[in-house]
Amino acid sequence: MKLFDVYPLYDVTPVRAKDVYVYDEKGTEYLDLYGGHAVISIGHGQERYLERLSHQMHQIGFYSNAVQNPLQQELANAIGGHSCCHDYQLFMCSSGAEANENALKLASFVTGKKRIIAFHNAFHGRTSAAVAATDNANINAPLNLQQEVTFLPFNDEKALETELKKGDVCAVIFEAIQGVGGLDEPSEDFVYAMDRLCKVYNSCLIADEVQAGFSRTGTFFAYQEYRIEPHIITMAKGMGNGFPVGGILVHPDIEAKYGMLGTTFGGNHLACSASLAVLDVLKEKELQKHAKELGEYFIQSAKKIPAVKQIKGRGLMLGLEFDFEVGPLRKELIYQHHIFTGGSSNKKLLRILPPLTVEKKHIDFFFTKLEEAINTLKA
Ligand SMILES: Cc1ncc(COP(=O)(O)O)c(C=O)c1O
């Protein structure tokens, strides 16, 4: 049987990984500055994570959500403690798109409305409403275009109020730092305007933390750079360090009703254990503080490279913008220097999303190789 060929692939076959390194079948070591799409938070093959998952696997890996699973409450308490969102309510699912799909559906249930406001260059996933709220016509099928979505630029408060005033908007969904779109951020004033206007016009503010969440940006959630309380926060990626797990945090003012949301796999025993292990390790190794410090170190180092025209993002969610397209540079970094980096819909931007355990020596190594690669491509 053939694979359904929907992804272009780099010709590398990882078979093993440890901390910030990935190894191919010949034993070649690659420095992972991409974390497999920002998924690896506490490092590949982390001991405590492996022990906890393997212990849980031997106890019980899965049973349905029709019975008690105390691990879900344990995880809710742990996320509450780390994020300080103590009063929020946790619902678990299995991916980022599913988290956003559930968030949008919930917003529609509680407001009784159905139009969504999203932003230019947004990426929220590939399912029905999540993909419709993603600013990329190429990945929307005619089926998805049934959703009512209005895309606005960041920082246009007047346009936002004009749309919200129409009275049919269930949700405003935003990334505090855009991921796939290329690391752009709304201004502080606009973040506060979204928060205020959603309350005035009875719409839900959804913070998509699928990529930024769980300490990557130096705060637990990226929106926590500001003092706002979104109605719904969506999470996935770094939450499980590679185990497929996602979830939403729901503001205490939103009341749960049976049947609103549901899932077979969400919140299973293994998913909860993976995420509990991630939170334990983040705390024990103080990786949030480390992400902030290493991000600052990375930015200082990047400023010394003349070819870098702009540096975007914070913590270990970073982008380097050049005045040329970075496709060939990424290839050179992978094949000649054995370093994984990421691209984005901004073709001139190189994305850096390493495991949060990355050290200064890895960053120094990256910049040495980056300069070599740029010189080779110029020659
Ligand atoms: C901000 C954001 N939201 C949602 C998603 C979708 O997550 P998933 O691929 O787990 O469905 C992504 C994936 O890149 C993302 O970056």
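Two strands count as paired if DSSP finds at least two bridges between them. I start with that rule because the first region I will show is a sheet, and the rule decides which strands belong together in it. What you have in front of you is a predicted model.

First, the whole protein. Its secondary structure amounts to 11 helices and 14 strands. Along the principal axes, the C-alpha atoms fill a box of roughly 60 × 55 × 45 Å. How does the radius of gyration of the protein compare with that of a compact globule? For 379 residues a compact globule would come out near 21 Å, and the protein has 21 Å, so the two agree. Of the 379 residues, 48% are buried. If we take contacts between residues at least 6 apart in sequence, 73% of them join residues at least 24 apart.

Now the sheet. It is an open one, made of 4 strands in the order β1-β2-β3-β13, with mixed pairing. Which strands stand at its edges? They are β1, residues 14-18, and β13, residues 339-340; each has a single partner strand, so one side of each is left without a neighbour in the sheet.

Take the pairs in turn. β1 and β2 run antiparallel and are joined by 4 bridges. One pair to look for is P14 with its bridge partner D24 in β2. The two strands form a hairpin with 2 residues between them, and in that turn D19 has a positive phi of about 55°. As background, most residues other than glycine have a negative phi.

Moving along, β2, residues 21-24, is antiparallel to β3, residues 29-32, and 3 bridges join them. Y21 stands opposite L31 in β3, and Y23 stands opposite E29. This hairpin has 4 residues between its strands, and G27 takes a positive phi near 90°.

Next, helix α3, residues 70-83. How far apart should the ends of its 14 residues be? At 1.5 Å a residue the span should be 20 Å, and the end C-alpha atoms are 20 Å apart, which agrees. The buried residues of α3 are Q72, L75, A76, I79 and S83. They cover an arc of only 105° around the axis, which puts them on the same side of the helix. The general background is that an α-helix has 3.6 residues a turn, so residues three or four places apart point the same way. What do the buried residues of α3 pack against? They pack against β4, residues 89-93, and α8, residues 269-284. P70 and Q73, on the other side of α3, are exposed. After the helix comes C84, with a positive phi near 65°.

The second helix to look at is α10, residues 327-335. Its buried residues are L329, R330 and L333. Seen down the axis, they fall within an arc of 100°, so they line one face of α10. G327 and P328, on the other side, are exposed. The cover over the buried residues includes β13, which we met at an edge of the sheet, along with β14, residues 349-352, and α11, residues 360-378.

That brings us to β14. It runs antiparallel to β12, residues 317-321, and 4 bridges join the two. In this pair E321 stands opposite L349. Which way do the residues of β14 point? L349 and R351 point one way, L350 and I352 the other way, and all are buried. In general, side chains in a regular strand alternate between the two faces of the sheet.

Last, two loop residues. N155 is in the loop between β6, residues 149-152, and α6, residues 157-165. Its phi is near 75°, a positive value in a residue other than glycine. Is N155 buried or exposed? N155 is partly exposed, because it has 15 C-beta neighbours inside 10 Å, and a residue needs 20 or more to be buried and 12 or fewer to be exposed. E286 lies in the loop between α8 and α9, residues 287-303. It has a positive phi of about 50° although it is not a glycine. With 11 other C-beta atoms within 10 Å, E286 is exposed.

That is the tour.

Note on methods:
Residues numbered from 1 in each chain as written. Predicted model: local features only at pLDDT ≥ 70, side-chain atom pairs only at ≥ 80, totals over all residues. Rg over C-alpha atoms; globule rule 2.2 N^0.38 Å. Contact = placed C-beta atoms within 7 Å. Arc of directions from axis to C-beta. Expected span 1.5 Å × (residues − 1).
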